[in-house]
Amino acid sequence: MSEKTTINAPMPGVFYRRPDPEDPPFVEVGDSVDVGDPVGLVEVMKNFHEIEADHAGTVAAFLVENEDEITADQPLVELE
Amino acid sequence: MIEIEAGGVASTVQDDGRTGHYHIGVPPSGAMDSYAHALANHLVGNEESAATIEMTYQGITATFTEDAVIAVTGANMSPTIEGEPIGTWESVAVEAGDELDMGFATSGARAYLAVAGGLDVPEVMDSRSTYTLVGIGGHEGRGLEAGDELPVGATPTERPAVGATVPDEYVPEYADEETVRVVLGMNDHRLTAESRAELCSAEWTVTPEADRVGYRLDGPDVEFEERDQPFGAGTDPSNVVDLGYPVGSIQVPQKPIVLMQDAVTGGGYATVGTVISADRERLAQRQTHDSVYFEEVDVDTALDARETRAERLDAARAAVE
């Protein structure tokens, strides 16, 4: 199965790959994710919101860097 | 009754504000975009003072337990009823059991959901507006969450027909509204000449922290003239002896923060200008990372703009059909 999909941002803000600066990233390229697994955080209005995988797959690439400014609907993670 | 299934990022019940208590430190709260709030209410036959749901960046998912007439205005969040897209700035009939599902804001930051009859949450200090910092008003003083149930008031007998819309010419293009007008003062004299000029020429960007309390902006460093701080003022050059903050005032701890509907009412930071009332609702529709420019105007211009804005709202109401 090599069909590629993306997980898109549900809101604008700042993207983080780790739950906490001291913690390892939620997921790395090559990890498999299930629906509902967190893949990152978006910070907006002084709160952090978990970005969850909306379908299962293997993380093929991150399309944004840690701490990048993102807009709503921007593709963040590529799954295959 | 409206049953909330998903609350979005920051959705609160708001009306036209909790006025009359500013002197005891209670900010007005209320809809950040009072134009969109007023027209949502008008479309369903409500008074402007009726409570709506304000949704920021991402909308709610909710089910109506009874037949209702609703209107969604403000930022475009692609609302659907039972999976079918519905018009915005339009009066829409929904049936008992229908699910409203809103997406994320593609243009603007804040959308408003009005229901004929208004959201009948208890009044606190004469208002249904939510003030989350203190936890009063709205639904339990907080943002909406899955499982919340909101009562709806009695449907007004006189209201625009279902399908009535606000004509396009009265629907703001939020993406284009990057300039907001300011009246300088009270403390702009404390800025260096360079910073004073830069305030109204620089490109500012909305930071992710910007919310109902304040719109924090990023841009060039703002410098104050050095001085011996007077008795009662803090040690930082941006500190002054405590003063009242007008709603819309721009304080500069380091970078500018425009005080919005839920802001503290006074304190010890220099306020170098005030966003005029007519433009505050336009600033409230700027998204994080969007640009903002300040344009200096005098008080007469600000008052004219307030009048023009009121006339535009009246004309928009009159044009609804």
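Author: Let's start with a definition: buried means under 20% relative accessible area, exposed means over 50%, and partly exposed is in between (1.4 Å probe, protein chains only). This is a predicted model, where local features need pLDDT of at least 70, side-chain atom pairs count only at pLDDT 80 or more, and totals for chains, interfaces and linings use all residues. Residues are numbered from 1 along each chain, chains are lettered from A in the order in which they are written, and side-chain values use heavy atoms, leaving out hydrogens and water.

Reader: OK, so is B:Thr165 buried, exposed or partly exposed?

Author: B:Thr165 is partly exposed, because its relative accessibility is 28%. You'll find B:Thr165 in the loop between strand E11 (149-150) and strand E12 (179-184) of chain B. Helices (H or I, at least four residues) and strands (E, at least two) are DSSP runs, numbered from the N terminus.

Reader: What does B:Thr165 touch?

Author: Contact means heavy atoms within 4.5 Å. Leaving aside residues up to four places away in sequence, B:Thr165 touches B:Leu43, B:Trp89, B:Glu90, B:Ala319, B:Val320 and B:Glu321.

Reader: B:Leu43 sits in helix H1 of chain B, I see. How many residues of H1(B) are buried?

Author: H1(B) spans residues 34-43, and 8 of its 10 residues are buried. Among them are B:Tyr35, B:His37 and B:Leu43.

Reader: And what goes on at the start of H1(B)?

Author: There, a side-chain oxygen of B:Asp33 comes within 3.1 Å of the backbone nitrogen of B:Tyr35. After the helix comes B:Gly45, with a positive phi near 85°.

Reader: How do I read the packing of H1(B) against H4(B)?

Author: Fit lines to the C-alpha atoms over the stretch in contact, then take the angle, from 0 to 180 degrees, between N-to-C directions. Here the axes of H1(B) and H4(B) (residues 299-319) come within 10 Å and cross at roughly 25°. Angles under 35 degrees count as roughly parallel, over 145 as roughly antiparallel, 65 to 115 as roughly perpendicular and the rest as oblique. So these two helices are roughly parallel to each other.

Reader: Which residues meet there?

Author: From H1(B), B:Ser34, B:Tyr35, B:Ala38, B:Leu39 and B:His42 meet B:Arg309, B:Arg312, B:Leu313, B:Ala316 and B:Arg317 of H4(B).

Reader: Any backbone oddities? Where is the cis peptide bond?

Author: Look from B:Gly185 to B:Met186, where omega is near -5°. B:Met186 lies in the loop between E12 and helix H2 (193-199) of chain B.

Notes
Polar contact = N/O pair within 3.5 Å; in protein donor to acceptor, adjacent residues only side chain to side chain.
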